[in-house]
Structure formats: structure tokens, C-alpha cells
Amino acid sequence: MSQTESQNIEQATTSVATNQPDAKTRRYDRQLRIWAASGQAALEASRILVVSSSATSTSILKNLVLPGIGHFTILDSTITSPADAGNNFFLNARSSIGKLRAQEAVPLLRELNDAVQGEAILKDVSELLATEQGRDWIGTFSLVIAHNLKKDTLDELSTLLWANPNGPPLIAVRSAGFLAHFHVQYHEHCVSQTHSENAPSLRITRPFPALLEWARSLDLQNMDPTAHGHLPFVVILVRAVDEWRKSHDGNLPKTREEKTEFKRSILAMRLKPDEENFEEAEAQAWRVWSEPAVPSDIQTLFSLPPLATSPHHNATFHALLETLAEFTKDPSGPGTLPISATLPDMKADTKSYVQLQNLYRDAAEVEKNHFKELFAAKHPEIAKSANPEEVDSFVKNAHHLRVLRGKQLGAFDKDRDALVTSLSLQPRETATHLALSALSALLSREADITVDALNAEVQTLLGDGVEFPDELDAAIGEVARAPTADLPNMAAFLGGLVAQEAIKVITEQYVPLNGYCVVDLIDSWTGVIG
Amino acid sequence: MAAAVAVNGTSSSSDWEGRYYHVDQILDRPGPRTDPSFLAGDEVKEFLREKCKILVIGAGGLGCEILANLALSGFKDIHVIDMDTIDISNLNRQFLFRPKDVGNSKAIVAAEFIMNRVPGVKVTPYFGKIQDKDEDYYMQFNLIICGLDSVEARRWINATLVNMVDPENPESLKPLIDGGTEGFKGQARVILPTVTSCYECSLDMLNKPTAFPICTIANTPRLPEHCIEWASVLEWPRVHGEKKMDTDNPEHISWLYEVALARAKEFKIEGVTYSLTQGVVKNIIPAIASTNAIIAASCCNEAFKIATSSAAYLNNYFMLIGTDGVYSYTFEHEKRQDCPVCGGESLDVTISKDWTVERLIEMLVERQDIQVKKPSLSSPGKQIYFQAPPQLEQATRPNLEKKVSELVPDGGEITVTATTLPFNLSLRIKYT
């Protein structure tokens with residue numbers, strides 16, 4: 001944020017006490033509650049290249065400038081047409097007509113946020129793709145976004161970016177009237193901060209020593225009734241599991257009858273019928289039924305084959321992942337993922353809840369340190385240079401890690417079997433995708449856009465012997481109706497969707513799209529294929 | 001690329017040739033899924049650009065986006081209502097506002113911005129509450145789009161529009177398009193009052209507002225939120241008496257933060273911060289530009305389709321979750337026959353014969369599909385319990401202890417009213 005704007009904001013509010021947030025924090029308050037300071041820092045360090053300044057392109061940019069990316073460049077040599085002046089909010093209406101579109105758009109985008117740098121490069125992308133210097137320059141951005149680019153130019157761009165796994169990912173968008181699709185191109189994207197809403201395991205069937213000790217030490221029959229009525233459900237369940245195992249050869253309840261009996265054993269521990277903490281323990285008994293040492297989707301990550309084109313900056317993540325696999329097998333460890341320090345709220349008094357919280361926090365600290373020792377032993381170089389915050393975040397989110405491996409733009413369209421399968425499983429999404437791919441091919445040949453021409457093009461993609469579903473007629477007819485329409489509402493809709501994906505890719509938080517997202521604003525749906 | 005396209009007969013003085021090149025591709029011919037009643041060409045353009053009058057409720061995160069989309073789509077007579085003024089924390093997404101606008105009316109600033117940027121569009125702002133306006137006012141619009149963050153305001157406009165429907169007069173049915181967002185998630189829906197499910201029908205789909213039991217706050221705090229609630233609910237009135245807490249006043253928030261922090265220290269609870277304090281007492285919903293853009297675009301797209309018949313409109317609910325890839329779900333939310341606003345049938349409530357009036361009130365307050373604070377109860381010709389005025393409250397207070405079954409026969413009706421409830425809720429009481 002510039003000096004003047006900060007001052008304006010300061011003047012606009014009164015009485016700033018010491019513990020209150022600064023102007024920037026106040027401006028970004030609603031988004032910092034989503035991606036925190038680390039996500040904001042990643043956004044501010046990003047440089048984004050947008051190819052074209054169409055209504056869709058400027059809509060995407062608006063949603064990236066507002067949250068505060070570092071820099072954007074619009075690459076476009078187009079002269080503003082009367083149509084552009086009619087559908088693009090970031091042009092000065094009639095007075096922009098005849099002027100360079102990108103140059104008109106940049107100041108109107110920049111005024112959204114003084115902290116963001118932006119510039120217009122008044123060239124066609126194909127010009128830059130033709131020189132080594134131009135190609136290198138494209139590779140310097142954090143992310144490239146292209147809207148309705150000619151097919152051959154887009155193919156060239158995607159091939160260039162795919163050839164360098166350490167270069168920027170590419171989001172390619174195609175829209176026509178009420179229909180659109182976009183694709184995110186990356187070799188591999190790793191996330192630890194997925195913000196999953198699934199709670200990590202509390203490890204009730206594999207309690208750490210201090211927790212088991214507490215559960216075993218309780219004299220449930222003779223303890224103070226108030227304390228009894230405020231025992232956290234976690235301790236109750238650990239106790240119940242311990243007793244169950246003693247009388248069942250070390251096994252957990254498996255059959256339906258056993259599960260019912262287990263629940264009854266919890267309620268039988270009550271001193272009074274209205275003890276809510278025991279009711280809560282009964283309601284939470286499902287946690288005991290299946291508590292794998294390592295959840296299956298994390299186990300899958302342990303056996304991922306190495307990827308030759310994994311970007312360099314994923315090296316730390318992979319080293320951490322290897323360490324994690326070893327941690328779960330290490331005989332001196334818990335045999336599980338590192339425990340999470342965060343507890344859900346539960347019926348308990350302050351003392352026992354805080355006590356429980358401290359036990360989990362201490363156990364998490366012990367396991368994290370053990371993890372770090374393994375990390376240092378296994379990957380001494382990486383461990384030395386790794387950002388400690390990245391390591392902490394990885395351990396903290398060990399239950400929700402994700403690794404996405406992407407495809408090059410267009411690879412799906414070359415895989416006839418995949419297209420045919422997709423057409424039978426997700427007919428409307430695949431049909432819409434095919435109609436848009438056909439449009440893109442026809443436009444680059446400057447052919448007339450007719451229903452027949454689109455059908456013939458789809459036929460080429462699918463080959464012979466494939467029956468066209470009705471969905472294909474619906475999609476092709478709609479594309480033929482409005483082949484070059486960049487509708488304001490579709491532009492805004494894509495502006496939001498693509499910006500969400502860009503933010504997820506840049507911040508490495510939440511989980512971005514893998515494949516194509518297809519949009520139909522007639523029946524108002526989106527779907528993912530490829 | 002648009003130079004050859006002429007605007008046929010619908011040009012007003014501010015239009016230029018080719019202005020609607022993109023939108024006209026849709027309006028000049030039907031698509032395979034377009035209803036046969038669609039009249040492609042001049043007539044539909046004239047209606048959209050010369051006659052259609054649309055109301056936007058809310059000029060905030062969704063409202064700014066909605067106004068821009070409508071203006072570019074060709075709506076030229078737009079009205080906007082918002083009672084709020086601009087705050088710094090709006091600037092990360094409410095893109096019609098700049099730092100110099102802080103403190104000014106959202107509706108007025110937004111309207112001026114749109115009229116400057118999109119010539120020929122008239123935006124009429126109203127800086128005030130939706131409740132200030134009567135049925136005659138709402139009757140003048142063809143369509144209403146709602147971009148609000150308040151459940152109470154939405155219930156009010158929903159109930160108002162349902163009540164306005166006169167079966168003899170098709171013009172009295174005003175389609176209501178409603179959007180809402182939270183973080184990477186959002187929803188858009190089309191409500192045809194009395195025809196489709198209404199806002200009230202789906203009240204139970206809302207996330208339950210996090211309410212902490214008073215005894216937890218007072219006696220067994222565990223979370224930082226419990227300490228903050230203690231400071232705002234119990235300590236503020238105890239220390240400041242009648243002085244009202246203003247959650248927009250940084251000094252008040254600072255006071256709450258200090259008090260909550262001290263209590264957290266006493267109980268060894270971690271995590272009380274200024275930001276969390278503000279979040280809890282103001283019930284802040286995280287918000288970003290991109291999600292608002294998606295939902296506002298969906299709302300405006302439905303408005304455009306309804307106004308032009310160029311394509312079928314949403315039936316009737318679109319939900320988007322952007323946290324893990326792009327996930328969305330489009331479905332028909334069903335009308336509730338016992339919806340207190342559009343259902344016509346009274347709500348069946350089965351209770352024990354032993355329940356007191358007080359217990360019934362507690363149950364009503366807790367129910368997610370009713371969401372009422374401080375309800376007053378009456379049965380035909382009888383006052384059961386009234387929250388206000390004080391004399392009436394005092395006179396009916398003894399009834400709180402009485403059993404409902406002493407006052408209302410099996411199958412009898414109770415009418416529930418409340419200041420937060422924009423309609424009378426009628427219950428049919430049955431005893432177990």
C-alpha cells in the first residue's frame with residue numbers, strides 16, 4: 001500500500017490504540033481470516049501474466065488485484081472495438097474505442113489497489129513466442145493466464161511452459177456464450193495446508209503414554225461426582241477401549257453387537273443418568289470403530305512413483321513425505337502419523353480440558369521433534385535449508401496432505417479412449433468440452449462456425465464408431481449460437497472461478513483444480529473432467 | 001471484430017454501434033434449449049434496455065458485482081438499497097469503493113460509480129433500510145436480486161414478496177434471486193414466491209449460529225471464544241451498565257480484548273487475539289472478491305435469462321464449494337408444505353402434556369427451522385405470553401410456569417410473533 005493511501009486510511013479512522021491492527025491488516029481482514037499472513041505473503045510475491053485484456057481477462061485480474069498480488073502484466077496488442085467497450089468494465093466505455101485495449105485497462109485495474117504493480121505490454125504473444133528472449137521472459141512469471149487465445153498460439157504457449165517444470169503453471173480459458181471451460185496446467189502441485197474440514201484422528205485406540213496413564217489412573221466409582229461429570233469424552237473413550245481390550249483378547253469392538261455392547265459399557269460408567277459427558281462419549285464412539293494408523297489417502301502418497309518433472313521447489317515436500325513414511329514405520333515412534341495438537345471442544349470443566357489440551361500439545365511436540373530428528377538424519381542438506389515454518393506446517397497437517405499430478409493442456413483431447421469413456425460417464429461435461437475444443441480448432445483455421453462444421457470437428461476428435469449423446473447436440477447448438485460472445489455474466493463467473501484457482505496455486509493453500517472445469521450457465525452447473 | 005454489427009432499433013442516445021455485440025449473439029437467435037416462446041430480436045432487447053426495472057438489495061460484496069454485471073448486460077433502470085456506510089475492511093472486495101469513500105453511503109457511491117463507468121445506465125440509490133419501503137415500492141420492479149449477509153433482512157424481503165402475490169394479478173409475482181458467500185463457498189437461488197421453495201423453506205440449511213451456553217461461558221470456559229463471549233455478554237453490561245456496546249468502535253473492541261485476555265490467562269486458555277475478538281463479537285464472515293464474483297455472476301445470469309427468456313433459468317438452487325477443486329451442485333430445493341411463509345399449513349408441534357409455556361418457548365428459540373428470538377405467544381382470544389410492552393409482559397408472566405395443556409386444547413393453535421419475525425407463525429399443538 002502506498003504512503004498516501006495508508007495515511008488516508010489512518011485519517012479515516014480515529015483513536016488507534018497499540019493493540020489494534022494496522023491499516024493493511026484492516027483492509028485485508030476478511031481474506032486474512034481465510035489464508036492468513038503466509039498466504040498473503042505468497043500473493044504479494046507473485047507476478048502474473050495475463051494474455052489478452054478481454055472482459056473475462058480483466059474480470060480475472062480484478063479478483064487478483066483486489067486481494068493484493070504483487071504484479072500483473074497484460075500482454076495484448078488489440079485495439080479496443082465498440083464491442084469491447086460494451087462488455088468490459090475496465091475500459092472507459094466509448095472513449096476507449098480505437099485505443100490500445102491493454103493500455104486502457106491497466107490504470108482502471110491498478111486503481112483497485114495501490115499496493116499492486118501493473119503494466120501493459122502492447123505485443124502479441126506469438127511475437128514473444130518467436131524469440132528466445134520472449135520465451136525466457138514468459139518463463140519469469142509465477143503464473144500465466146490466457147483467455148480465448150488462438151488454438152495454435154495456445155498450443156505453442158502450453159508446450160513452452162510444459163517443457164520447463166520449474167516455470168509457471170498455465171490456466172487456459174475458453175468461453176463462448178453460456179458455455180466455457182478452463183484447464184490448469186502443472187506437472188505437480190503439493191499442498192500441506194489443504195484446510196480440510198475432516199478432523200484428524202484423536203488416536204483414541206492408540207493413546208500416547210500420558211493419556212493412557214490418565215485414563216487408567218481414574219477411580220471412576222469413587223471419584224468426586226462433579227469431576228466425574230466433567231471428564232472429557234476422550235479420556236472416557238480411552239478408558240473404555242482399554243477395559244474392552246482387556247476382556248476381548250486385545251481386540252476392538254467389530255460386530256454390530258459388540259459395538260452396541262461397547263456403547264452400553266460407556267453409559268454403564270455413569271454415576272448419574274444425566275451426565276452429558278458420557279452421552280457425548282457414547283455419541284463419539286464411532287471414532288473407535290475405524291482408526292487406521294495411517295489414513296489410506298496418506299498411505300497412497302507414500303507409494304507414489306517418483307516424478308522426473310517434479311518442480312524443484314517440491315523437493316522439500318517430497319523429502320518430508322519420505323520422512324513421514326519412515327516416521328510411521330519407526331519402532332521408536334507411535335506407528336502412526338504425528339498427533340495433532342488441536343482438540344475439538346467438548347463437554348468438560350476448564351481444568352480437565354486444559355489438562356487434556358496440554359497433554360496433546362506435549363505429545364505433538366515430542367512427536368514433531370522425533371520427526372525432525374528423522375528428517376535431519378535422512379535428508380541433512382534439505383533439513384538444513386528448509387524453512388522451519390514449512391516443516392511445522394507439514395507436520396501439523398500430516399493428516400491432510402495432497403499431491404496433485406497434472407497433464408499438459410490438450411493431452412486429454414489426444415487420448416481418444418479417455419474421451420470416449422468420459423463421454424459415457426459425464427456426457428454433458430464432456431460434450432460441452434468437445435464442442436468448445438471443436439470451436440477453438442475452427443476459429444484458428446478461420447472457418448465458418450456452423451453446427452455441421454462443429455459436428456465434423458468433434459467427429460475428428462472422437463474417431464468413428466462413437467455414438468453422440470443428445471448432450472452433444474445441445475452443446476454444439478449453443479456454441480454455434482454465440483461462438484464469439486464474451487458475455488458479461490460469463491466473464492464475471494469465470495473471473496471468479498479462475499481467480500480462486502490462481503489464488504490456490506499461488507498460496508499453496510486449499511486444493512486447486514486438476515483437469516478441466518466445464519461451465520454451463522444455461523442449466524447453471526459446473527463439472528470437472530480430464 | 002464487431003464493426004459490422006448494427007444495433008437494430010433499440011439504440012438510445014448513449015448507445016454506440018456494436019455496443020451489445022456479445023449479448024446480442026444470445027438475443028438474436030435461440031439455442032437448442034431455448035423455450036419456443038422466446039422472441040429473438042428487437043422486442044426482447046427493447047424490453048431489457050428500455051422497460052425492465054430491477055432492484056438490487058445490498059451494495060456490498062455481492063452488490064457491487066451485481067450492479068456492474070447488470071449494467072454491462074443491458075439493464076438500464078437499476079435501483080439499489082443499502083443502509084451501510086463504507087469501511088476499510090470492504091476494500092479487499094467491494095471494488096466500486098476507494099479509500100476516499102470510507103464513511104460514505106455504499107448505495108450512493110456504488111450508483112455513481114456505475115453511472116460514470118457505464119454510460120446510459122440509470123442507477124437510483126436508496127441509503128436506508130429495506131423495511132422503510134412498502135409494497136407499492138416493491139411492486140414497481142420486474143425482478144429483485146438480493147446480495148445480503150443478514151438472515152433477518154432476507155426473511156423480511158422474502159415474506160414481503162410472498163405476501164404481495166395476488167393470484168388475480170400475474171404482475172404481482174416478483175422473482176427473487178438470492179446470493180450468499182462465505183470464504184471459497186457460496187450459493188445462488190431463484191425464488192418464485194408461492195411457486196417455488198422460498199427462503200423460509202430452507203432456513204434449516206443454514207449453518208447453526210455458534211451459540212455458547214451461558215453456563216459454559218460463566219463457569220467452564222475452554223476455548224478463547226468462551227472468554228470473549230464472557231467479556232461481551234457478561235462483563236460489558238456489568239461494568240458499563242446501560243451504555244451500549246458498539247462493535248464498530250475500536251476502543252470497545254480493545255476493552256473486550258483486554259478483558260477476555262485476562263480471563264483466558266486466569267484459566268490458562270490460549271488463543272485470544274484482537275482479530276479473534278473482533279471476529280466473534282461482530283460475527284465476521286470471511287469474504288473474498290473471487291467468490292463474490294462467481295455468485296453475483298450467477299445471480300445476474302439468472303436475472304438476464306428471466307428478463308429475456310433467452311434460456312431456461314435455474315430451478316432453483318446452485319451451490320459452489322471451491323476449497324477442493326471446483327465442486328458445485330445444482331438441485332431443486334423443495335417447497336415445505338408447512339413453511340410459515342409460503343406453505344399455508346400450520347406447523348405441527350408435538351409436545352408432552354407436562355411442558356410449561358417456558359419450555360415451549362425454549363424449544364422454539366432452539367429450533368433451526370424457526371430461528372426466533374424472544375417470541376410472544378397467543379391462542380385465539382387469549383394472550384399466553386407477551387415479551388412487550390412491560391405491563392403486558394408482567395401480566396402474562398405467570399403463564400410461563402403453567403402447562404401449555406392447561407391453556408391450549410389438543411389440536412389447538414398458537415400464534416407466535418416476534419420483532420425479528422416478519423410474519424405470524426401458527427403452530428398446531430399436539431400432545432403425546
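Q: How many residues line the largest cavity, and which of them lie nearest its centre?
A: In this predicted model, the lining of the largest cavity is made of 18 residues. Nearest the centre you'll find A:Ser59, A:Phe89, A:Ala492, B:Asn69 and B:Leu72. As for elements, α4 (55-65) and α26 (488-507) of chain A and α3 (61-73) of chain B each give two or more residues to that lining. The largest share, five residues, is from α4(A).

Q: What makes this space a cavity rather than a pocket?
A: The test is whether a 1.4 Å probe fits but cannot get out; a pocket, by contrast, is an open set. Searching the whole structure turns up three cavities of 30 Å³ or more. The largest one has a volume of about 150 Å³.

Q: How does the lining of the largest cavity split up by class?
A: Nine of its residues are nonpolar, seven are polar and two are charged. To see the sorting at work, take A:Phe89 from the lining: Phe is on the nonpolar list, so A:Phe89 counts as nonpolar. Ser is on neither the nonpolar nor the charged list, so A:Ser59 counts as polar.

Q: Why is A:Asp242 called buried or exposed?
A: Its relative accessible area is 11%. The cut-off for buried is under 20%, so A:Asp242 is buried. This residue sits in helix α12 (residues 233-247) of chain A. Leaving out residues up to four places away in sequence, A:Asp242 touches A:Leu212 and A:Arg216.

Q: And why does A:Leu304 get the label "partly exposed"?
A: Here the relative accessible area is 29%. Buried needs under 20% and exposed needs over 50%, so A:Leu304 is partly exposed. You'll find A:Leu304 in the loop between α16 (296-302) and α17 (315-329) of chain A.

Q: What does A:Leu304 touch, not counting residues up to four places away in sequence?
A: A:Leu304 touches A:Val403 and A:Arg405. To be in contact, heavy atoms have to be within 4.5 Å. Between A:Leu304 and A:Val403 there are 9.2 Å from C-alpha to C-alpha, and the two are 99 residues apart in sequence.

Q: How do you know that the length of helix α9 of chain A agrees with what it should span?
A: Helix α9 (residues 151-163) has 13 residues. Multiply 1.5 Å by one less than the number of residues, and the helix should span 18 Å. Its end C-alpha atoms are 18 Å apart, so the two values agree.

Q: Which residues of α9(A) are buried, and what puts them on the same side?
A: The buried ones are A:Thr153, A:Leu154, A:Leu157, A:Ser158 and A:Leu161. They're on the same side because they cover an arc of only 130 degrees around the axis. There's a general rule behind this: an α-helix has 3.6 residues a turn, so residues three or four places apart point the same way. The buried residues of α9(A) pack against several elements of chain A, including β1 (47-51), α8 (132-138) and β5 (170-176).

Q: How much of each chain counts as buried, in chain A and in chain B?
A: Chain A has 530 residues, and 55% of them count as buried. For the 432 residues of chain B, the figure is 56%. Chain A is built with 26 helices and ten strands, while chain B has 14 helices and 13 strands.

Methods. Residues are numbered from 1 along each chain as its sequence is written. Chains are lettered from A and ligands numbered from 1 in the order in which they are written. This is a predicted model: local features need pLDDT of at least 70, side-chain atom pairs count only at pLDDT 80 or more; totals for chains, interfaces and linings use all residues. Side-chain values use heavy atoms; hydrogens and water are left out. Helices (H or I, at least four residues) and strands (E, at least two) are DSSP runs, numbered from the N terminus. Buried means under 20% relative accessible area, exposed over 50%, partly exposed in between (1.4 Å probe, protein chains only). The arc is that of the directions from the helix axis to the C-beta atoms. On a 1 Å grid over the protein atoms alone, a cavity is a set of points where a 1.4 Å probe fits but cannot get out, and a pocket is an open set with protein on both sides within 12 Å along at least five of seven lines; lining residues have an atom within 4 Å of a point. Grid points are joined across faces, edges and corners, and a volume is the space filled by probe spheres set on the points.
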